[in-house]
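Visitor: Hi! Could you walk me through the charged side chains in this one?
Guide: Happy to, let's bring it up.

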Amino acid sequence: MPRIHLLEPAAHERTPLPRGTVRVLGIDLGTTNSTICDAIFDPDEPEIDIPGEIVIEQDCFGEIVAGALVPSVVAVVNDRAVVGHAAARMRTAPAELNLEEQASIFYETKNDIGLGKVYFKAPPGFRSPAEIGGHILGALHCEATVAGGAARVVVTVPASFQTAQRAETIRAAELAGLHLEPGDLLDEPVAVFIDKFVSEDGEPFVSRGGRVLVFDFGGGTCDVAIFQVVAPPRCRPRITPLSVSRYHRLGGGDIDRAIVYQALVPQLEEQNGLSPHTLTFDDKRNHAEPALLAVAEALKVELTSTSDATSATIHKTVRIPLEDRELRLKNPTLTLEEFESLLDPFLERDPLFGSNSEYRVELSIFAPIWDAFDRTGLSADDIDFVMLAGGSTLIPQVVSAIRDAFPRATVIRYDDAMSVQTAVARGAAYHALSLALFGEGIVRPVTLESISLRTSSGLAEVIPKGVDLPYPKEGGWSRPCVLAVPAARAHGPVEMRIEVVSGVDSTLLDVRYWDMPPSCTAGQPLRVESRLDENRQLHLRVSTDDDAQEPLAVRIENPITHVVNPGEVRLRIEQTERQLESESVPASEIVSRLTTLGSDYAEIGHREKALDRYRRALRKLGRPSGWILFKMGLVAGDLGDKESQEKFYLQAAEADTAMSSPLFNLALSKFRQDLLDVARVHVNAAIDRSPEGPYYALKASIANAAGDQATRDRALERAFHEFAPVTTLDSFELHWFEAAAVLKGDAGLVDRAKEVRRALSQRKGIGIVERGVLPDCLASA
């Protein structure tokens, strides 16, 4: 059993321990399942018990179901919330029970939290992800407090959750009657580390610290975090966060859906004498999928829990009622060959992009891993430990893929299914106990890199490297430096550029622009105040002595790991669709809304829907639009439909005789098909409309492929004449500038283009447009 010293702060920071028993709770509010554990401190014992999973008993249609894993599903029946196993059972046949998704039955709502999602069809008390989460947390907490109260409750969140998602999780807790204090939200990867570290008495980290990658692959999300660990003997560890992947909606549920659509639906069609295209979207998504998901999961578990299994069969008949008939699937089966084939996209080592259809997400587990690496410059060889958590890491093929990708690392995993699925809640309970006993968590995050402001004369540090968080420790604000209105300013108003950077390589974190009034004079001091809180949010304030001048306030979440949540596009789609459906969009804006909707669908990979919305926009417009047809050509190309792609490009060029882009893309398409004569005709037509550098670069590429060196050299000369200075080019122009430099054989130009492209990529990620002037620096602390 773990010893209490693993929770204790350094000797000079310790407070007296309570004289009585202390009980705390840790809750893992999961996408698919949720769990709660308790930890107890007894002042008469030198050791603490490993936190225990609280077994929840629920009445499921007259049958008592008991277990530590409670499905994160909520149904509304007779205006009453049904949470957990009974709701999950209802999910398998929503149509028969007159239940509608996001109206009277809710699941996987953790994916919506913090995005402003509103369930308009739901009754009051069920209209937001926070309210659904509140019902789940309330059910868990109610059962847990039967055995007594709790001095502290900690709830976990993905490390990639941003402020809005964390705030709505706190609101869910409040709705459940829980009061969360600072530090009571814990990142899930850190919870996994705490559980392993404390439960196993610090091993193996005490003997050697290092870089740890936590891979938390659950039912609905895939969370990756990398941090540096220092674990001195008989002391609590110090963790420095290095990187966090973006929020990824990828989990075991997506593998289950792949089984449904790639294995079970074909069996359903065959057994019922249906052709592959007979079932509609509604038949599959709203009737077959709910009935078959539990079957798919059962087949997956059976096939992966036995080392020598070559197939799995569920010996029962699944009934799937449709509006006009009932389908039946007898003895659904999954072979090992089928399973490993559908796993291939999820285990692709070098994923270029994911597939995101109307039915499921198909994304490699390595996408969030490489995403985390991209943010810190590390590689697999730099990792000392890989910790596996989440129920989906029980799949042997997943474990093998991770081991193969990290040959140098020690892979740490759990021995059984229950341990791996309750690890996050146990880590949260340990953390809660440390907070209750000592007023601070087990893990004390420190800053890996310094954070500075860029000035006209260099960097002015605002947060030092290697300090404990929060900083400053006593609260309030630090005053690390004094800036000044730049001496080079012009008369009249001036726009000042405030750049926030980190580390020795001055990685850009954020940039803000501040309009200084004419009354400000060159050299006038600017006060800088900063703090980095325990939730790793950087707060900056820059102000003048003039109280009438509004200070510049900056807040950056996780400034060292700095991630962005991609769920905003989906939310925008849902809001626009609702507005169009309710006819609340003015007639004059419908075409632009449909066009934007098509672009949003294309961005998330729903290409068929994108084309449909573009077509609706054209019908509403009542005439051809070069821009919309051009966008349709792009989507058709992504679908691999070259015939439609080229048709749309020709129609776009005909609809708008000033547009050159469709002709350029058409030339590029023909060039890639090795149809050089046709490509030459289209690129010349594009140049006639707009003589641009990229167009001449493509003309040079076509000529080079045809062996026409004279035309190639003339086109290259004209390309470099048309290109603007390389530092002002956008990413499209840089690509063709580099291609032209390669054709010319100028290694220096190639390297320069790559350097500018890297810088542009970093700045583009946070929406930077180069303008304004940097401040001067008067003094640094």
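Guide: What follows is a short chat about salt bridges and surface charge in this predicted model.

Visitor: How many salt bridges does the structure hold?
Guide: The structure holds 33 salt bridges.

Visitor: Let's pick one. What does Arg285 meet in a salt bridge?
Guide: Its partner is Glu101, with 3.2 Å from N to O between the two side chains. This pair links distant parts of the chain, 184 residues apart. Arg285 belongs to helix H6 (residues 281-305), while Glu101 is in the loop between helix H1 (85-91) and strand S9 (105-107).

Visitor: Is Arg285 buried or exposed?
Guide: Arg285 is buried, because its relative accessible area is 17% and the cut-off for buried is under 20%. Glu101 has 30% relative accessibility, so it counts as partly exposed.

Visitor: Which residues are linked with those two in a network of salt bridges?
Guide: Glu108, Asp254, Arg257 and Glu289 are linked with Glu101 and Arg285 in a network of salt bridges.

Visitor: Nice. Switching to the strands, what does Glu499 pair with?
Guide: Glu499 forms a salt bridge with Arg454, and their closest N and O atoms are 2.7 Å apart. Since Glu499 sits in strand S27 (residues 494-502) and Arg454 in strand S24 (residues 451-455), the pair ties together parts that are 45 residues apart in sequence.

Visitor: And how accessible is Glu499?
Guide: Glu499 is buried, at a relative accessible area of 3%. Arg454, on the other hand, is partly exposed at 25% relative accessibility.

Visitor: Which residue forms a salt bridge with Arg541?
Guide: That would be Glu529, with the closest N and O atoms 3.1 Å apart. Arg541 is in strand S30 (residues 537-543) and Glu529 in strand S29 (residues 525-532), twelve residues apart.

Visitor: Is Glu529 buried or exposed?
Guide: Glu529 is buried, with a relative accessible area of 9%. Arg541 is partly exposed, at 31%.

Visitor: Okay, over to the surface. Which residues form the negative patch?
Guide: The negative surface patch is made by Glu337, Glu338, Glu340, Asp344, Glu348 and Asp350.

Visitor: Where is Asp350 found?
Guide: Asp350 is in the loop between helix H7 (336-343) and strand S19 (355-356).

Visitor: Why does Asp350 count as exposed?
Guide: Asp350 counts as exposed because its relative accessible area is 55%, and the cut-off for exposed is over 50%.

Note on methods:
Residues numbered from 1 in each chain as written. Predicted model: local features only at pLDDT ≥ 70, side-chain atom pairs only at ≥ 80, totals over all residues. Heavy atoms only, no water. Patch = residues over 30% accessible without salt bridge, like charges linked within 9 Å, V, L, I, M, F, W, Y side chains within 5 Å. Areas by Shrake-Rupley, 256 points an atom, 1.4 Å probe, with all protein chains shown as cover. Salt bridge = Lys/Arg side-chain N within 4 Å of Asp/Glu carboxyl O. Lys, Arg positive; Asp, Glu negative; His and termini not counted. Charge placed at Lys NZ, Arg CZ, Asp CG, Glu CD. Helix = DSSP H or I, 4+ residues; strand = E, 2+ residues; numbered from the N terminus. Buried < 20%, exposed > 50% of the residue type's maximum accessible area, 1.4 Å probe, protein only.
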